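Biologist: Could you take a close look at one salt bridge for me, and then walk me outward from there? I'd like to know what sits around it and what else stands out.

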Amino acid sequence: MSRSEKLLLLVLACLNFTHIMDFMIMMPMGPQLMRFFNLSPQQFSFIVSAYSLSAGISGFLFSFFADRFPRKYILLIAYAGFVIGTLGCGLAPTYNLLVIARTAAGMFGGIIGAQVLSIVSDTFPYERRAQAMSIVMTAFSVASVVGVPVGLYLATEFSWHAPFLAVGAMGLVVIGLVWAYVPLLDGHLLRGEQRPNAFSVITNIWHNPNQLRALWLTGTIMLGHFSIIPFISPYLVANVGFSEGNLYLIYAVGGALTIFSAPVVGKIADKRGKLPVFTVFAVLSLLPIYLITSMPPASLTYVLFVSGLFFIFSNGRLIPTQAMTASVVTPQQRGGFMSINQSLQLLMQSVATYGAGLVIQKSPDGQLQNYWLVGLLAMAAIFASIFIARTVQPIDAPISEPAEA
């Protein structure tokens, strides 16, 4: 990679770090928030799903305009709105105001992810795209290793408001980095009569079975993944006997492992093919899903081992998926399609989270029941995604791309 490419990926990774940390910190803080506000599993899942739902709606609406402006300007406006919403979360004194602030943050956050993926896809050809995306996605790992433990420490030592205020403060710095180092990226813009109408993004998808299958893949994976994610921490504390003070270790260990595994997965996916790598990691990810959702009281070592496997396999599944779905459209259509794709991800996250909250019940002694059932449903969705992925054909893949040409 050239120096400018590395710098671009670094800035996007910093942006992703704050964006992902804002979303991730809510879930390990579940036991604190449920205790502080005396929340039921359904009320807690509503906080998490409120962000995803508003983000999904805003991402869908913005898809009509995503390819009409330079990528940099869209990213700056969306990220600035997200930072303001996150600061609002940090200042919210009540449950209702927290839900409102999360909804506001989600309205802008729903635009960010699609723009980051569009920028990477516009800058890097298909043969190098998985590796580039793996670098940007290491922000998830760093957020797990550094962000979540620090966020939980701030929440424990000060209050649950503190992590959101810290993310908002970091976001103000990242805005300056985006302004200084992200190029304009307007090569996809069409002029005059060539410019399609605002609703062409919908008609293009509707008349393109390949794009529909890519969206189907995204939705299925999100249903499987986010039906279990929000309740991992509450379940470990209530049922497994895991200490709240040790929750940060799950994210620290898992994130540290993916810092090393993600770039390797990206390189292998570029060399061996995105589909074969996705298939392997999708199958492998079924084991830790089962072990986590049906876990009896266990030792710290065992919990960290299983959660570490979950992080590695889930992350390894996501990297080739992102590369494949971003490659089913031309650059002129990519912003709108990725906004729809991101919107679908967030809507399915919301549906999965809230649906899991309806299935999971709290017993009189405080334990969570039926998490094992949610785990089986998640495994079924991930297994189904393997067969859906086989039907997705990247249009800009080289002829020699293994198993995908």
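Modeller: Asp122 is partly exposed, since its relative accessible area is 27%. Keep in mind that this is a predicted model. The partner of Asp122 is Arg71, and the closest N and O atoms of this salt bridge are 2.9 Å apart. Arg71 belongs to helix H4 and Asp122 to helix H5, so the pair ties together parts that are 51 residues apart in sequence. The two ends of the bridge don't get the same label: Arg71 counts as buried because its relative accessible area is 0%, and buried means under 20%, whereas Asp122, at 27%, is partly exposed.

Let's stay with helix H4 for a moment. This helix covers residues 71-91, and Gly88 is found in it. With a relative accessible area of 28%, Gly88 is partly exposed. If you measure from Gly88 to Phe65, C-alpha to C-alpha, you get 27 Å, for a separation of 23 residues in sequence.

Now back to salt bridges in general. A search of the whole structure turns up 4 of them. One of them joins the side chains of Arg128 and Glu5, at 3.2 Å from N to O. Arg128 sits in helix H6 and Glu5 in helix H1, so this pair ties together parts that are 123 residues apart in sequence. Arg128 counts as partly exposed because its relative accessibility is 29%, while Glu5 counts as buried at 14%. Another salt bridge brings together the side chains of Lys274 and Asp270, at 3.0 Å from N to O. Both Lys274 and Asp270 are buried.

Helices H1, H5 and H6 have come up in those pairs, and they come up again in the next topic, the empty space inside. The search finds 3 cavities of 30 Å³ or more. The largest has a volume of about 840 Å³. It is lined by 34 residues, and those closest to its centre are Ile20, Phe140, Phe226, Leu318 and Gln349. Helices H1 (3-24), H5 (95-123) and H6 (126-157) are among those that each supply at least two residues of this lining, along with H9 (209-226), H11 (247-272), H13 (300-325) and H14 (331-359). The biggest contribution to the lining comes from H13, with 7 residues. As for chemistry, the lining divides into 22 nonpolar residues, 11 polar and 1 charged.

On the outside, have a look at the nonpolar surface patch of about 410 Å², made by Leu53, Ile57, Phe60, Leu61 and Ile202. Helix H3, residues 41-62, gives the most to this patch, with 4 residues. Ile202 lies in helix H8, which runs over residues 200-206. Its relative accessible area is 31%, so Ile202 is partly exposed.

One last stop is helix H7, residues 161-181, where you'll find Tyr181. Tyr181 is partly exposed, with a relative accessible area of 44%. From the C-alpha of Tyr181 to that of Gly375 the separation is 42 Å, with their positions 194 residues apart along the chain.

To return to your salt bridge: Arg71 and Asp122 come to 2.9 Å at their closest N and O atoms, with Arg71 buried and Asp122 partly exposed.

Methods:
Residues are numbered from 1 along each chain as its sequence is written. This is a predicted model: local features need pLDDT of at least 70, side-chain atom pairs count only at pLDDT 80 or more; totals for chains, interfaces and linings use all residues. Side-chain values use heavy atoms; hydrogens and water are left out. On a 1 Å grid over the protein atoms alone, a cavity is a set of points where a 1.4 Å probe fits but cannot get out, and a pocket is an open set with protein on both sides within 12 Å along at least five of seven lines; lining residues have an atom within 4 Å of a point. Grid points are joined across faces, edges and corners, and a volume is the space filled by probe spheres set on the points. Ala, Val, Leu, Ile, Met, Phe, Trp, Tyr, Cys and Pro count as nonpolar, Asp, Glu, Lys and Arg as charged, and the others, Gly among them, as polar. Patches are made of residues with over 30% relative accessible area and no salt bridge: like charges are joined within 9 Å, nonpolar side chains (Val, Leu, Ile, Met, Phe, Trp, Tyr) within 5 Å. Accessible areas come from the Shrake-Rupley method with a 1.4 Å probe; for residues, only the protein chains shown count as cover. Buried means under 20% relative accessible area, exposed over 50%, partly exposed in between (1.4 Å probe, protein chains only).
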